[in-house]
Amino acid sequence: MAENNTEVTKVAINDIGTEEDFIKAVDSTIKNFDDGDLVEGTVVKIDHDEVLLDIGYKTEGVIPSRELSIKKDVDPDEVVEVGDTIEALVVTKEDKEGRLILSKKRAQYERAWGDIEKIKEADGVVEGTVIEAVKGGLIVDIGLRGFLPASLVEMRRVRDLSPYIGQKIKAKILELDKNRNNVVLSRRQYLEETQSEVRETFLSQLKKGQIREGVVSSIVNFGAFVDLGGVDGLIHVSELSWKHIDHPSEVVKVGDKVTVEVLDVDLDRERISLSLKATQEDPWQRFARTHVPGQIGKGKVTKIVQFGVFISVEDGIEGLVHISELANRHVENPETVVKPGEEVFVKVIDVDLDRRRISLSLKQANDSVDPASEDFDPALYGMPAEYDEQGNYKYPEGFDPNTNEWIAGYEKQREEWESQYAAAHELWEEHKAFVAKELENAAASAAEDGQAPKEEKVEETSNYSSDNSSTGTLADSDQLAALRDQLLGK
């Protein structure tokens, strides 16, 4: 048997030298740094309160969650992911527990200061995300915490800053003090510089009396600002509505699209005055157009004074029933006839549009209707009626008075006419019921006093004016009577 001279194969060769040489070789692979240095590493683990970062040191660095971001109370998983390569600042090489403590936000802070200083020197613009609304302004993440005062957020003062949170904005740097960790920004200055040329051109083209479309951009106690397309104008609270309002929010809200009229353009002060109510019909003019003397309507008692009663006949419009027009008897105290909040029927006596005054009559309204009568005049109860120069009634468009038929193709006009007629008829029925109840109350009151009730004089004709003439009514035309029958389905 052959002699076995097997040799052991060498798998490693000590080419370093002595043990001391080996330790030196290992140490040479470890990075050297000091407190305050910036280092780069890879995220290897994420916990709820810290992140471990491999920077090639003998131990992994720890980044406490508070040192991850300039935002407060952040979730580490929202800031970094395992495998991310990030930059950190060495806070301490070895704390009391022997850990290497790092800070991502301080590294970001140091890096950002250099960039911010260069931008400030060049009079440039910074861009960042609004991360917080604090007392007096906003905190903007520009690599560090920049403070944007509320007065410098827009071209005008902004009351509610919360909508800006999460928005990316651009701003100019007003103040920069590293020792005090103070950075003050101005978005208004940036807007003024970028919009000045556009604004100047826009203002030069804007003329008094123009009608413009816009969007309500903000609301303040004294009015509402409207963005006309990059340039804001103000609607003063007095120009928001024809009726009295206590606050602009009663009429508009931020984001509303509105049509406004330009009242004034101050080129020197770059201010635009707008009006919303100017683009809407004056309710007094509408009332004067749709209500004529002799017409009967329903209203609510709003105020009782010594000389009469004020009645709300439409939203924002009140008329006066003089004490002499309250009842067919002498009235010393109006409260013996009506009470605040009570709904009553009144006849329009006069409409003075220039002085914005309406004279009404309660007694004439009640005298104008017989609860037992079927003589209905729709024009007396608000149905639009037009007459020619000879006083003849002008039939609605699409109706042939010769055949008492509606012409084909005028279904919309017929529907509108029927709706108006039905509304007037319903009001007439309500009025008859109201008068009937009043008569019953009067009879009951007289019986309690042991007196016979006085007979109320009821007008036998429904008038469109207060002089008992039949001009302006629909009741005298046989053709109109046939039309009414047809519209009522008789």
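**Exercise 1. Determine which helices and strands each supply at least two residues of the lining of the second largest pocket, and describe that lining.**

Step 1. In this predicted model, the elements that each supply at least two lining residues of the second largest pocket are helix 4 (187-205), strand 12 (223-227), strand 13 (232-236) and strand 15 (271-275). Helices (H or I, at least four residues) and strands (E, at least two) are DSSP runs, numbered from the N terminus. A pocket is, on a 1 Å grid over the protein atoms alone, an open set of points where a 1.4 Å probe fits, with protein on both sides within 12 Å along at least five of seven lines, and its lining residues have an atom within 4 Å of a point.

Step 2. The largest share of this lining, five residues, comes from helix 4.

Step 3. The volume of the second largest pocket is about 740 Å³, where volume is the space filled by probe spheres set on grid points that are joined across faces, edges and corners. Its lining numbers 27 residues, and those closest to the centre are Met155, Arg156, Arg199, Phe225 and Asp232.

Step 4. Sorted by class, the lining contains ten nonpolar, seven polar and ten charged residues, with Ala, Val, Leu, Ile, Met, Phe, Trp, Tyr, Cys and Pro counted as nonpolar, Asp, Glu, Lys and Arg as charged, and the others, Gly among them, as polar.

**Exercise 2. Establish whether Arg187 and Ser103 are buried or exposed, and list what each touches.**

Step 1. Arg187, which lies in helix 4, has a relative accessible area of 16% and is therefore buried, since buried means under 20%, exposed over 50%, and partly exposed in between (1.4 Å probe, protein chains only).

Step 2. Leaving aside residues up to four places away in sequence, Arg187 touches Leu148, Leu152, Val153, Glu154, Tyr164, Ile169, Lys170 and Ala171; a contact means heavy atoms within 4.5 Å.

Step 3. Ser103, placed in strand 5 (residues 100-103), is buried because its relative accessibility is 0%. With residues up to four places away in sequence again not counted, Ser103 touches Ile63, Glu67, Ala88, Leu89 and Val91.

Step 4. Asp160, by comparison, is found in the loop between strand 8 (145-149) and strand 9 (168-177), and its relative accessible area of 47% makes it partly exposed.

**Exercise 3. Describe the geometry of the aromatic pair formed by Trp417 and Tyr421, and place it among the other ring pairs.**

Step 1. The structure holds nine aromatic pairs, a pair being rings of Phe, Tyr and Trp (its six-membered ring) whose centres lie within 6.5 Å, with planes under 30 degrees apart counted as stacked, over 60 as edge-to-face and the rest as tilted.

Step 2. Trp417 and Tyr421 form a stacked pair, at 5.5 Å centre to centre and with 15° between the planes. Because the two residues are four apart in helix 7 (residues 411-448), about one helical turn separates Trp417 from Tyr421.

Step 3. Trp417 is buried at a relative accessible area of 6%, and Tyr421 counts as buried at 3%.

Step 4. Ring pairs also join Trp417 and Tyr421 with Phe376, Tyr381 and Trp428 in a cluster.

**Note on the values.** Residues are numbered from 1 along each chain as its sequence is written, and side-chain values use heavy atoms, with hydrogens and water left out. Local features need pLDDT of at least 70 and side-chain atom pairs count only at pLDDT 80 or more, whereas totals for chains, interfaces and linings use all residues.
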